[in-house]
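Here are a few exercises to work through with the model open beside you. Try each task before reading its solution.

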Amino acid sequence: MSHRTTAAAPPLTWSRAFPARADQARDARRFVSGLLDGSPAADDVILCVSELVTNATVHSRSRQPGGIFTVRAEIHGGRLRVEVKDQGGPWTRPTPGDMQHGHGLHIISQLAHAWGITGDSDTGWTVWFEADCL
């Protein structure tokens with residue numbers, strides 16, 4: 001009797017660069033929304049994407065003329081991972097008393113299964129989150 005193992009399906013991956021302008025947040029949301037096709041998590045995912053794109057266009061060097069941000073999405077085993085990469089710049093954690101800034105990452109921490117930040121101020125920051133998409 002032979003046993004046949006089935007390899008796990010490879011992840012599905014999409015990536016797109018956007019000009020780092022406020023009006024491109026809508027296009028980034030639409031890009032990710034098109035991948036979710038009726039997923040119950042779609043609203044939460046789109047809100048998280050919106051927060052990350054806003055951070056990239058407002059708080060990073062991507063906001064400079066000609067700047068870009070990149071959105072990368074990967075679906076694997078019912079889990080969606082979204083990354084937004086900017087062009088770097090100083091990054092500081094919001095202070096507890098700062099009522100104008102810092103809510104975006106808090107929102108992501110509440111809605112996402114997991115999230116994090118990689119990179120540095122020279123090469124660019126990548127902020128990512130994961131959510132169940134089934």
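This is a predicted model, in which local features need pLDDT of at least 70, side-chain atom pairs count only at pLDDT 80 or more, and totals for chains, interfaces and linings use all residues. Residues are numbered from 1 along each chain as its sequence is written, and side-chain values use heavy atoms, with hydrogens and water left out.

**Exercise 1. List the order of the elements in the chain.**

Step 1: count the helices (H or I, at least four residues) and strands (E, at least two), taken as DSSP runs numbered from the N terminus. The chain has three helices and five strands.

Step 2: read from the N terminus, which gives β-α-α-β-β-α-β-β.

**Exercise 2. Describe how α2 packs against α1 and against α3.**

Step 1: recall that two packed helices are described by the angle between their axes and the distance between the axes. Here axes are lines fitted to C-alpha atoms, for helices over the stretch in contact, and angles run from 0 to 180 degrees between N-to-C directions.

Step 2: take α1 (residues 24–36) with α2; the angle is about 150 degrees and the axes lie 9 Å apart. That makes α1 roughly antiparallel to α2 (angles over 145 degrees count as such). Contact means heavy atoms within 4.5 Å, and among the residues that meet are Val32 and Leu36 in α1 and Val45 and Val49 in α2.

Step 3: take α2 (residues 42–59) with α3 (residues 103–111); the angle is about 155 degrees, again with axes 9 Å apart. Therefore α2 is roughly antiparallel to α3. Residues in this contact include Leu47 and Leu52 in α2 and Ile107 and Leu111 in α3.

**Exercise 3. Place β2 among its neighbours and sort its residues by face.**

Step 1: find the partners, where two strands pair if DSSP finds at least two bridges between them. Strand β1 (residues 12–19) pairs with β2 in the antiparallel sense over eight bridges, while seven bridges join β2 to the antiparallel β3 (residues 79–85).

Step 2: follow threonine 70 across the strands. Alanine 17 stands opposite this threonine, and lysine 85 is its bridge partner in β3.

Step 3: look at the turn. β2 and β3 form a hairpin with two residues between them, and glycine 77 there has a positive phi of about 60 degrees.

Step 4: sort the faces. In a regular strand the side chains alternate between the two faces of the sheet. For β2 (residues 68–76), Phe69, Val71, Ala73 and Ile75 make up the covered face, and Ile68, Thr70, Arg72, Glu74 and His76 the uncovered one.

Key: Angles under 35 degrees count as roughly parallel, over 145 as roughly antiparallel, 65 to 115 as roughly perpendicular and the rest as oblique. Buried means under 20% relative accessible area, exposed over 50%, partly exposed in between (1.4 Å probe, protein chains only).
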